[in-house]
Amino acid sequence: MKFIDPHIHLFDRDKGDYQWLRADNAPYWPDKSIIDRNFKEDDLTVDNQMQQSGLVHIEAGFDNVKPWLEIEWVEQQVTGPLRTIGFADLTLAPDEFKQLIERYQKYESTIGVRHIFDDDAVAIVEHANTLTNLKRLAAVDLIFETQIDGNDDAAVNTFIKLCSVVPNLVIILSHCGFAPYTISTQTRWQNNVKRLSQCPTLFIKASGWEMVNRDYDEKYIERTLKYLLSTFGEDRVVLASNFPLTLFSQRYDSLWQKYRELPFDHYVLEKLMHGNALVLYQF
């Protein structure tokens, strides 16, 4: 079965900065040493039942002062079909942001940029430069990616507002909005995901399970996907890995095997694993 992985990170600890990987910097994960090493395309191995037909490399802090250097490095490393999402601070002065975007547009693989919101969602969205910079992204047909906590009402409210004021911008929300692990604690997340799904140009990336619970099981993936499909529909959900953070819980090939065995119609599963990412990231 063919698949595209629309959320991977490759590292070169000798050439890149990656301040967040250092033990004395946040996030303070006790198992962070598992991923504090080099990762290359060859580490993305799967069994012969699966055929990887594309990768989307998401910025990983290679150099946040000159973030285009990460794109240069990745394009030198990856031999297969590739799209890249670079880092961009939405609060930059518009002229500086414009120059950064123009740099990114020189690279064959770059399809968009990312600025992680997390707990700073309200402050970032309300910053004086953010709306202008997002409109620039939309004007040049670049994607915007971020992540917020779907359990945070204030973050969701401001995110919905953002979607409404830049209605022609394609936005991708990563890691399911951090769906709570147990059904009994999902009510707020479900309500907010339903509201988010009303934004027609918003897509959601089903990934990052290990960010919620290192010991997650297949049922967590299945019930979260069922809810995402019931709200966003089968055309606006993509499955992804979040490699190498997947290694906190399991091997890369093991995760994709679990995806392949999900109890969904083959047609729907093909869209989640391949077809939607093919279109969304313009492979």
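This section describes the strand pairing, salt bridges, internal cavity and local backbone features of a predicted model.

The description begins with strand S2 and its neighbours. Strand S2 spans residues 51-58, and six of its eight residues are buried, so that the strand is mostly covered under the cut-off of 20% relative accessible area. Strand S1, formed by residues 2-8, runs parallel to S2 and is joined to it by four bridges. In this pairing, Lys2 stands opposite Gln51 of S2. Strand S2 is also joined to strand S3, residues 82-87, again through four bridges and in a parallel arrangement. Here His57 is the residue that stands opposite Thr84 of S3. In a regular strand, side chains alternate between the two faces of the sheet.

Charged side chains were examined next. Side chains of opposite charge can pair when their charged atoms come close. The count for the model comes to 13 salt bridges. One of these links Arg114 to Glu59, with 3.0 Å between the closest N and O atoms. Arg114 belongs to strand S4 (residues 110-114), whereas Glu59 is in the loop between strand S2 and helix H1 (68-77); the pair therefore ties together parts that lie 55 residues apart in sequence. Both partners, Arg114 and Glu59, are buried.

A salt bridge is also formed by Asp153 and Arg188, whose closest N and O atoms are 3.7 Å apart. Because Asp153 lies in helix H5 (residues 153-165) and Arg188 in helix H6 (residues 187-196), this pair ties together parts that are 35 residues apart in sequence. Asp153 has a relative accessibility of 32% and counts as partly exposed. Arg188 is likewise partly exposed, at 48% relative accessible area.

Within helix H7, the side chains of Glu222 and Lys226 meet in a salt bridge with an N to O distance of 3.1 Å. The two residues are four positions apart in this helix (residues 218-232), and so about one helical turn separates Glu222 from Lys226. Glu222 counts as buried at 13% relative accessibility, while Lys226 is partly exposed with a relative accessible area of 44%. Salt bridges with shared partners join Lys219, Glu222 and Lys226 into one network.

Internal space was then considered. Rolling a probe the size of a water molecule over the atoms shows where empty space is left. A search of the whole structure yields one cavity of 30 Å³ or more, and the largest cavity holds about 30 Å³ of space. Its lining consists of His175, Cys176, Phe178, Ala179, Ser207, Gly208, Trp209, Val212 and Tyr220. By residue class, six members of this lining are nonpolar, three are polar and none is charged.

Phe178, one of the lining residues of the cavity, also has a notable backbone entry. Its phi is positive, at about 55°, although Phe178 is not a glycine. Phe178 is found in the loop between strand S6 (171-173) and helix H6. With a relative accessible area of 15%, Phe178 is buried, because the cut-off for that class is under 20%. Asp141 has a positive phi as well, at about 60°, and is not a glycine. This residue lies in the loop between helix H4 (130-139) and strand S5 (143-146). In contrast to the buried Phe178, Asp141 counts as exposed, with 60% relative accessibility.

Two cis peptide bonds are also described. A cis bond joins Ala26 and Pro27, with omega at about 0°. Pro27 is located in the loop between strands S1 and S2. The peptide bond from Phe243 to Pro244 is also cis, and its omega is near 5°. Pro244 is found in the loop between strand S8 (237-239) and helix H8 (252-260).

A side-chain to backbone contact is found in the loop between helix H6 and strand S7 (202-206), where Ser197 lies. The side chain of Ser197 reaches the backbone oxygen of Lys194 at a distance of 2.6 Å. At 5% relative accessibility, Ser197 counts as buried.

Note on methods. Residues numbered from 1 in each chain as written. Predicted model: local features only at pLDDT ≥ 70, side-chain atom pairs only at ≥ 80, totals over all residues. Heavy atoms only, no water. 1 Å grid on protein atoms, 1.4 Å probe; cavity = no way out; pocket = protein on both sides within 12 Å on 5 of 7 lines; lining within 4 Å. Points joined across faces, edges and corners; volume = space filled by probe spheres on them. Nonpolar A, V, L, I, M, F, W, Y, C, P; charged D, E, K, R; others polar. Salt bridge = Lys/Arg side-chain N within 4 Å of Asp/Glu carboxyl O. Buried < 20%, exposed > 50% of the residue type's maximum accessible area, 1.4 Å probe, protein only. Pairing = 2+ DSSP bridges. Polar contact = N/O pair within 3.5 Å; in protein donor to acceptor, adjacent residues only side chain to side chain.
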